Amino acid sequence: MFIAMGLMLLGILLGRLLRGQRWLGALSRCITPAIMLLLFSLGVAVGGNEELMRNLPLLGGKALLLTLAGVAGSLACVAVIRRWFRDFPPAPGTGNSPKTPVDVQPPHGGG
């Protein structure tokens, strides 16, 4: 794990140092195929592991249960927070914000 993190940090440092190099653009086009190759390799490794394949239905069921519990917990937290904070200030740029003195038009026609 530390090796992977170290390699990533080394890559970030190198990318920062080599920013603006012409060949760096060509390297960025290789990223997607490299990731696809890594995912394919991972699939081959998982498919070749007999014990993992035997336990895959159990692991998949646990993963589904964990996902559904996470979504349900998030929705419950949103419901609780919305009860506590009913009057949110309007988001900037939504058109629902109160008019500022610059936005207010002067009255027409005198009076």
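Here are a few short exercises on the predicted model shown above, each with a worked solution.

**Exercise 1. Work out the fold pattern of the protein along its sequence.**

Start by counting elements: the protein has 4 helices and 0 strands. Then read them in order along the sequence, and the pattern comes out as α-α-α-α.

**Exercise 2. Find which helix has the lowest mean pLDDT and which the highest.**

Begin with the whole chain: the average pLDDT of the protein is 84, and 83% of the residues score at least 70. Next, go element by element. Helix 2 (residues 22-28) has the lowest mean, 79, while helix 3 has the highest, 93. A reminder for your own reading: where pLDDT is low, predicted coordinates should not be read in detail.

**Exercise 3. Compare the span of helix 3 with its expected value, then check its cover.**

Helix 3 runs over residues 31-48, which gives 18 residues. From first C-alpha to last, helix 3 reaches 26 Å. At 1.5 Å a residue, 26 Å is expected, so the span is close to that value. As for cover, helix 3 is hardly covered, with 0 buried residues among its 18.

**Exercise 4. Describe the surface of the protein, and place Leu 7 on it.**

Take burial first: buried residues make up 0% of the 111 residues. The protein exposes about 10500 Å², and carbon and sulfur atoms supply 71% of that area. Now look for a nonpolar patch: Ile 3, Leu 7, Leu 10, Leu 13, Leu 14 and Leu 17 form one, with about 640 Å² of accessible area together. Leu 7 sits in helix 1 (residues 2-17). Its relative accessibility is 55%, over the 50% cut-off, so Leu 7 counts as exposed.

**Exercise 5. Classify Cys 30 and Cys 77 by accessibility, and count the disulfides.**

Cys 30 has 45% relative accessibility, and Cys 77 has 48%. Both values lie between 20% and 50%, so each residue counts as partly exposed. Finally, the disulfide count for the structure is 0.

Notes. Residues numbered from 1 in each chain as written. Predicted model: local features only at pLDDT ≥ 70, side-chain atom pairs only at ≥ 80, totals over all residues. Heavy atoms only, no water. Disulfide = S-S within 2.5 Å. Buried < 20%, exposed > 50% of the residue type's maximum accessible area, 1.4 Å probe, protein only. Helix = DSSP H or I, 4+ residues; strand = E, 2+ residues; numbered from the N terminus. Areas by Shrake-Rupley, 256 points an atom, 1.4 Å probe, with all protein chains shown as cover. Patch = residues over 30% accessible without salt bridge, like charges linked within 9 Å, V, L, I, M, F, W, Y side chains within 5 Å. Salt bridge = Lys/Arg side-chain N within 4 Å of Asp/Glu carboxyl O. pLDDT = per-residue confidence, 0-100.
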